[in-house]
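Thanks for making time this morning. I would like to walk you through one structure, and I suggest that you keep it in view while I talk.

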Amino acid sequence: MYSYDNMSSGQIYNWLDQTPVVLLEEVTLPEDDWGGPAPGWLVYIIETEEIIPVHEETLDMIEPEGEKWLAQS
């Protein structure tokens with residue numbers, strides 16, 4: 001089973017097996033129709049430049065551990 005224990009801000013993950021996102025900060029998502037509060041992340045979607053909260057279990061690592069995404073100015 002996949003472990004989410006080593007996730008940290010700046011890492012790049014694949015969201016819903018569709019698009020790369022950068023982890024910004026850990027959040028707790030509010031209760032919804034599928035259950036109580038859930039762990040999640042505020043993420044930056046690289047392709048659309050959106051910032052949204054997502055459920056932790058929808059993220060899969062796509063880069064070697066320890067590498068960080070650096071914003072280009």
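**The core, the sheet and one histidine**

Let me begin with the inside of this predicted model, where the largest nonpolar core is made up of ten residues, namely Met-7, Tyr-13, Trp-15, Val-21, Leu-23, Trp-41, Val-43, Ile-45, Val-54 and Leu-59. At least two residues of this core come from each of strand 1, which covers 12–15, strand 2, which covers 19–29, and strand 3, which covers 38–45. Strand 3 gives the largest share of the core, with three residues. As a general remark, nonpolar side chains in soluble globular proteins tend to be buried together.

Now to the sheet. In what order do the strands lie in the sheet? There are five strands in an open sheet, and they follow the order 4-3-2-1-5 with antiparallel pairing. Strand 4 and strand 5, the latter spanning 59–61, stand at the edges with a single partner strand each, so one side of each has no neighbour in the sheet. From one strand to the next, the twist averages 50 degrees.

I would like to stay with strand 3 for a moment, since several details come together there. Strand 3 is mostly covered, with six of its eight residues buried. Strand 3 pairs with strand 2 in the antiparallel sense over eight bridges, and in that pairing Trp-41 of strand 3, which we met in the core, has Glu-26 standing opposite. Strand 3 also runs antiparallel to strand 4, to which six bridges join it; here Leu-42 stands opposite Pro-53 of strand 4, while Ile-45, another residue of the core, stands opposite Glu-50 of strand 4. Strand 3 and strand 4 form a hairpin with four residues between them, and in the turn Glu-49 has a positive phi of about 60 degrees.

Finally, please find His-55, which belongs to strand 4, residues 50–55. Is His-55 buried or partly exposed? With a relative accessible area of 26%, His-55 is partly exposed, because buried would require under 20%. If we set aside the neighbours within four places in sequence, His-55 is in contact with Leu-29, Asp-32, Ala-38, Pro-39 and Gly-40. Of these contacts, let me pick out Gly-40, which is 15 residues from His-55 in sequence and yet lies 4.3 Å from His-55 in space, taken from C-alpha to C-alpha.

Definitions and conventions. Residues numbered from 1 in each chain as written. Predicted model: local features only at pLDDT ≥ 70, side-chain atom pairs only at ≥ 80, totals over all residues. Heavy atoms only, no water. Core = buried A, V, L, I, M, F, W, Y, C linked by side-chain atoms within 4.5 Å. Buried < 20%, exposed > 50% of the residue type's maximum accessible area, 1.4 Å probe, protein only. Contact = heavy atoms within 4.5 Å. Pairing = 2+ DSSP bridges. Axes fitted to C-alpha atoms, helices over the stretch in contact; angles between N-to-C directions.
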